[in-house]
Amino acid sequence: MYLTKEELKTVATKEVIDLITQGDEQIVTEIIAESIDLMASYLYKYYDTEAIFAKEGDERSKILLKYLKDIVIHEIYIRRTKTLNQVAKLRYDEAMLWLEKIAKGEIEVALPKRLKDTDGDGTPDTPTPFMKLGGRKTYKNHWWLCLTTTYKNSDKSSKPSRAW
């Protein structure tokens, strides 16, 4: 498993985790699995999530492990109490912001890249491009609509009047 209950000692004491989960190991295991699925959904677009979460020990990414622990401990805290631990909430928000930036392609992390099949033979060949291509979406605002409507309704030889 990518993360174990014993490794959560860097973000909370074992006694606190046992108190909240009433010593049920299955609850912690399920929360860890749910949190890994959450992270994988953010990372899937650019990274090979199966290879990432199959690693164990020192092969794992330290930053990914840190944020996973933050998400897990936050989920453990909200399971039991209505008042959140503010430090856990802050660290959870930071982890989610980091994941959102990765999903949008704003930051790149040193993780195994997701490969895509470019030649159609069924085996992945090249990494998925990280850079997003495309321009900024143009929006037609209210002013543009008024200007074009005025122009269409007037005779075609005159230019539309401008309000400024």
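# Briefing: helices and their packing

With a relative accessible area of 39%, Glu-25 is partly exposed, because anything between the 20% limit for buried and the 50% limit for exposed falls into that class. Keep in mind as you look around that this is a predicted model. The protein chain has six helices and two strands, and much of what follows is about how some of those helices pack together.

**The overall layout**

- If you walk along the sequence, the elements of the protein chain come in the order α-α-α-α-α-β-β-α.
- The protein chain has 164 residues, and 30% of them are buried.
- Take the contacts in the protein chain between residues at least 6 apart in sequence: 64% of these link residues at least 24 apart.

**Glu-25 and Gln-22**

- Glu-25, the partly exposed residue we started with, sits in helix 2.
- Count along the sequence and Glu-25 is 20 residues away from Lys-5, yet in space their C-alpha atoms are 8.0 Å apart.
- Gln-22 lies in the loop that runs between helix 1 and helix 2.
- Is Gln-22 buried or exposed? Its relative accessibility is 64%, so it counts as exposed, the cut-off for that label being over 50%.
- Gln-22 also has a positive phi, near 55°, and it isn't a glycine. As a rule, most residues other than glycine have a negative phi.

**Helix 1 against helix 4**

- Helix 1 covers residues 14-21 and helix 4 covers residues 62-80; their axes come within 9 Å and cross at roughly 45°. That angle is why helix 1 counts as oblique to helix 4.
- The crossing of helix 1 past helix 4 is left-handed.
- On the helix 1 side, the residues in contact are Val-16, Ile-17, Leu-19, Ile-20 and Thr-21; on the helix 4 side, they are Ile-73, Ile-76, Tyr-77, Arg-79 and Arg-80. Sort the residues of this contact by class and you get seven nonpolar, one polar and two charged.

**A closer look at Ile-17**

- Ile-17 belongs to helix 1.
- Its relative accessible area is 2%, so Ile-17 is buried; the limit for that label is under 20%.
- Which residues does Ile-17 touch, leaving aside its neighbours within four places in sequence? They are Lys-5, Leu-8, Ala-12, Val-28, Ile-73 and Ile-76.
- One of those partners, Ile-73, is 56 residues from Ile-17 along the chain, while the two C-alpha atoms are 8.3 Å apart.

**Helix 2 against helix 4**

- The axes of helix 2 and helix 4 are 9 Å apart, and the packing angle is about 130°. Helix 2 and helix 4 are therefore oblique to each other.
- This time the crossing, helix 2 past helix 4, is right-handed.
- Helix 2 brings Ile-27, Ile-31, Ile-32, Ser-35, Ile-36, Leu-38, Met-39 and Leu-43 to the contact, and helix 4 brings Leu-64, Tyr-67, Leu-68, Ile-71, Val-72, Glu-75, Ile-76 and Arg-79. Split by class, that contact holds 13 nonpolar, one polar and two charged residues.

**The nonpolar core**

- How many residues make up the largest nonpolar core? There are 36, and the ones with the most contacts inside this core are Met-39, Phe-53 and Leu-64.
- At least two core residues come from each of helix 1, helix 2 (25-43), helix 3 (49-54), helix 4 and helix 5 (86-104). Helix 4 gives the largest share, with nine residues.

**Two of the busy core residues**

- Met-39 is a helix 2 residue.
- With a relative accessibility of 0%, Met-39 counts as buried.
- Apart from residues up to four places away in sequence, Met-39 touches Phe-53, Leu-64, Tyr-67, Leu-68, Ile-71, Trp-98 and Leu-99.
- From Met-39 to Thr-49, the C-alpha distance is 8.9 Å, with their positions 10 residues apart in sequence numbering.
- Phe-53, with the same sequence neighbours left out (those up to four places away), touches Tyr-2, Ile-36, Met-39, Ala-40, Leu-43 and Leu-64.

Key
Residues numbered from 1 in each chain as written. Predicted model: local features only at pLDDT ≥ 70, side-chain atom pairs only at ≥ 80, totals over all residues. Heavy atoms only, no water. Axes fitted to C-alpha atoms, helices over the stretch in contact; angles between N-to-C directions. Helix = DSSP H or I, 4+ residues; strand = E, 2+ residues; numbered from the N terminus. Parallel < 35°, antiparallel > 145°, perpendicular 65-115°, else oblique. Left-handed = near helix turned anticlockwise from the far one by under 90°. Contact = heavy atoms within 4.5 Å. Nonpolar A, V, L, I, M, F, W, Y, C, P; charged D, E, K, R; others polar. Core = buried A, V, L, I, M, F, W, Y, C linked by side-chain atoms within 4.5 Å. Buried < 20%, exposed > 50% of the residue type's maximum accessible area, 1.4 Å probe, protein only.
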